[in-house]
Amino acid sequence: MKVQEMTGMNYELTEEQVSIRENFKKFCDNEIKVNADALDREDQQVSMKILKENIRKLADLGYLGMGHEEAYGGTDQDLTSQAIAGEEVARACASTFLSVGASCGLFGVPLRMFGSDAQKAKYLPGIIKGELIGSFGLTEPEAGSDAASMRTTAVKKGDSWILNGTKTFITNGPIADVCLVMAYNDKEAGPAAGVTAFLVDKESPGFSVGKSFDKLGFKGSPTSEIVLEDCEVSDDAVLGEIGRGFIQAMQTLEFGRIGMATVSLGIAVACMQEAAKYASERKAFGRLINRYQEISFKLADMMIMTDISRLLIYRACWAKETGDPESAVLASCAKLFASESATQISSWALQVHGGYGYIKEFPIERLYRDAKLGEIGEGTSEIQRVLIAKDVLSKYAD
Ligand SMILES: Cc1cc2nc3c(=O)[nH]c(=O)nc-3n(C[C@H](O)[C@H](O)[C@H](O)COP(=O)(O)OP(=O)(O)OC[C@H]3O[C@@H](n4cnc5c(N)ncnc54)[C@H](O)[C@@H]3O)c2cc1C
């Protein structure tokens, strides 16, 4: 009898998933990781060239279409397979993962879920080929965690809508061809019924890219404001139903949180590998430092934390895939644990490098800077704890 028949549990990847992991590992090591430092350090013009090349290479490999329907050029893979591939992309280059995730995920997933055939046909083939870049505009200067307090408005004018407002911290802002913008069309109806999502092309009158941000990490993934000044879009730009934009955004963030957990896992694994390698080369007091328990125990804890992160991610993927009502809270658990683990692991891994961890010659310096975003993007750690605690109280308080 097979073990899974005896236990009802199966931790084995399918043959296809094993081959996805192997292919992506090899490809990302050879083609993506080699440019990660340059992408982080070069000036904007050079780094955007590298980023776009990375996006096109991953498109050719099929990564950008994994979550999309075959009719538009995708391969419609399950979420676990996407996470397996994503871990390898993030391990090689977190900035590339983030920009691809904003385009195919934060922009592409709601389009897949709520878009009309015409909207999908207009954008998805280009997004999947890496020829078009998408972005997701929810956050505003005065509305981050409290996204419902957004101020951007949409007013109907004949067959058009006029958008006014500023979105901030928008991944791909400076390079995106199209942004999914959430705006109040009816403030009185509140977020659940009064926000609409619009597909806003960069050529739309009144659309402009605002201030670009110089960040601590993820320097290869551009971030900026998006400014809408009497920005006019047609009725065709409305995604799904009028008034459903906030709900659509929240549903998108469930996928986004799995994505943020995955990029954190990739960073954490990269840190663990760098630490293990360095500890096996560096000598102090006549011995390799991996012989000192203080160092090797850090490696052991890194292994446990990355493995738990991976299991939580796969569980969240499986829950989402099977329509489990727990999927939202499981995505929050995966995101919270994986991101806080990545921050801790990056700090330990830097410590293992001693002074060499603090200079730019070793990749750990970049990984340490990149790790922190996981605790902020797609809902901060505090917000994940608010959501998880609410779930616990709803189940166990009485
Ligand atoms: C590099 C980067 C890329 C990003 N990409 C995108 C993107 O593509 N699209 C997009 O729309 N947004 C994007 N964001 C925005 C991101 O989602 C927000 O920064 C995040 O949600 C937090 O919002 P805030 O920065 O306004 O912080 P605030 O909401 O002002 O929070 C400040 C602090 O208060 C805490 N806090 C707030 N409310 C509570 C509460 N109820 N209980 C406990 N603590 C609380 C927070 O946890 C945090 O510690 C990006 C951000 C960064 C840094």
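Visitor: Which residues of strand β1 (residues 134-137) point the other way from Gly134 and Phe136?

Guide: This is a predicted model, in which local features need pLDDT of at least 70 and side-chain atom pairs pLDDT 80 or more, while totals for chains, interfaces and linings use all residues. Residues are numbered from 1 along each chain as its sequence is written, and side-chain values use heavy atoms, without hydrogens and water. In a regular strand, side chains alternate between the two faces of the sheet. In β1 (strands are DSSP E runs of at least two residues, numbered from the N terminus), all four residues are buried (under 20% relative accessible area, 1.4 Å probe, protein chains only); Gly134 and Phe136 share one direction, and the other is taken by Ser135 and Gly137.

Visitor: Which residue in β4 stands opposite Gly134?

Guide: Strands β1 and β4 (residues 178-184) run parallel, joined by four bridges; pairing takes at least two DSSP bridges. Opposite Gly134 in β4 is Val178.

Visitor: Which residue of β1 with a phenylalanine side chain is in contact with Met182?

Guide: Contact means heavy atoms within 4.5 Å. Leaving aside neighbours within four places in sequence, the partners of Met182 include Val195, Ala249, Gly137 and Phe136.

Visitor: Which helix gives the most to the largest nonpolar core?

Guide: A nonpolar core is a set of buried Ala, Val, Leu, Ile, Met, Phe, Trp, Tyr and Cys residues joined through side-chain atoms within 4.5 Å. The largest has 92 residues, of which Tyr63, Met182 and Ile313 touch the most other members. With 17 residues (245-279 is its span), the top contributor is helix α9.

Terms used: Buried means under 20% relative accessible area, exposed over 50%, partly exposed in between (1.4 Å probe, protein chains only).
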